[in-house]
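Trainee: Could you take me through one part of this model in close-up? I'd like to hear about a single side chain and then the aromatic rings.

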Amino acid sequence: MMQRILALLFALLPFQLLADDESGADQPAFYLEDGDRVVLLGGTIIEREQMYGEWELMLTCLYADADFTVRNLGWSGDTVWAESRGIFDPPEVGYQRMIDQIRELNPTVVLLGYGHNDAWAGEEGLEAFITQYEKLIDDIQSATEAETRYWIIMPHYQFSLGNEFPDPRTHNDVLFSYLKRIQNCADTRDIPMLNPIIHAHMEIYSNQELVRALSDDGVQFTSNGYHISGTHLRSQLTDDSSPFVSVRDGQLENAGCKCQIDELDATAGRYRFRCTQVNLADSHWLSFEDLPPGRYSLKIDDEVIETLDGSEWSSMDVSDGPDVNQREQLRQAIVRKNELYFHRWRPQNVTYLFGFRAHEQGNNAVEIPQFDPLIEEQEALIRELKHPVEHVWELAPAE
């Protein structure tokens, strides 16, 4: 219930980064198409997304008609200098290793998520950061064969979690300077930006219940945080509204969903229709007004989903049923694929397999490519699960 309330609350906020900035109005449209190879690159917020899969789930659902792949190369604590990726080598070696991995993947779309960790260098580190950010984009482009499209995931402000945690306002002032420079860089290069959390209405974060649903340390997202931020990202990627089915004056209407009336008997207070959602990214809203007094049950494929008084059906978010179950199965397949790919590109014993101790266990490196068919198996499941299927919906007096 909390997850649904939060998602709705944040979806109602205007999507802008800086309160007085409208530069995003002319940004290129987001799109994914057949053959796209998407790479997520950044620090902790990117790395941990693979554990929950909410952002990738959103992309997979919104662009279900496109056959594309997603590879997460996030690394906790990383900066635009790849300082976390050196392992036992200097950062510049880790940086080149990262560029080589990107060259191997040859992405057509790169989502960049940097700035949050970099901002700890303070105002004095700002110029070096933005120079290196632009160099990173140039180096990625030089490593890819085709013209790569870039999307920037903006770093979010640190949340205030109360007196037991440090006051984040000073750091957020510094982060604001980094945000503006990232935005200038994006505008200059015509790179569209995505904002996981709305910065223009920070007063909403004074509600501790809401904030603690987003983050348990003020910095990183919880599972709810990734779900809610995924809701924000979805609203910036498409203008489509959530599927909404309504009945007024005995007439069934729909918006944002494919819906074919199978049977409609308004006089008996019974509504039956076939419905296929446009995509699985959204919940499904129902509005049945002026129902006669009594209790009504919603059935999907003859299974009771919810039973409520007639007045409560005037606005109802359907958060259960086969579409919801299919969406969760899809998310789990994405998480499993990400886990397999993580072990593929970043094995735990990498020093023994490929590093300076390869003379001890390097013979086991032949096992690493064996992850590939397992990853392909999960991607085949993802392709199967991402397409909505038709279901029969019925609202009728409760038995």
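Mentor: Sure, let's start with serine 177, which is buried at a relative accessible area of 14% (buried means under 20%, exposed over 50% and partly exposed in between, with a 1.4 Å probe and protein chains only). Before going on, keep in mind that this is a predicted model: local features need pLDDT of at least 70, side-chain atom pairs count only at pLDDT 80 or more, and totals for chains, interfaces and linings use all residues. Residues are numbered from 1 along each chain as its sequence is written, and side-chain values use heavy atoms, with hydrogens and water left out.

Serine 177 belongs to helix 6, residues 169–189 (helices are DSSP runs of H or I with at least four residues, strands are E runs of at least two, and both are numbered from the N terminus). Skipping neighbours within four places in sequence, serine 177 has Glu123 and Leu126 in contact, meaning heavy atoms within 4.5 Å. With glutamate 123 there is a side chain to side chain polar contact at 2.9 Å (a pair of N or O atoms within 3.5 Å; within protein, one must be able to donate a hydrogen and the other to accept it, and residues adjacent in sequence count only if both atoms are side-chain atoms).

Now the rings. The whole structure has eleven aromatic pairs (Phe, Tyr and Trp rings, the six-membered one for Trp, with centres within 6.5 Å; planes under 30 degrees apart are stacked, over 60 edge-to-face, the rest tilted). One of them is phenylalanine 30 with tryptophan 151, edge-to-face at 4.9 Å centre to centre and 90° between the planes. That pair bridges distant parts of the chain, 121 residues apart: phenylalanine 30 is in the loop between helix 1 (2–11) and strand 1 (37–42), tryptophan 151 in strand 4 (residues 149–153). Both phenylalanine 30 and tryptophan 151 are buried.

Phenylalanine 129 and tyrosine 178 have ring centres 5.1 Å apart and planes at 45°, so this pair is tilted. It too links distant parts of the chain, with phenylalanine 129 in helix 5 (residues 126–143) and tyrosine 178 in helix 6, 49 residues apart. Phenylalanine 129 and tyrosine 178 are both buried. Elsewhere, ring pairs join Tyr52, Trp55, Phe221 and Tyr226 into a cluster.

Charges turn up over rings as well: the charged end of arginine 149 sits over tyrosine 31, 4.0 Å from the ring centre (NZ of Lys or CZ of Arg within 6 Å of the centre and within 35 degrees of the ring normal). Arginine 346 lies over the face of tryptophan 75, 3.6 Å from the ring centre.
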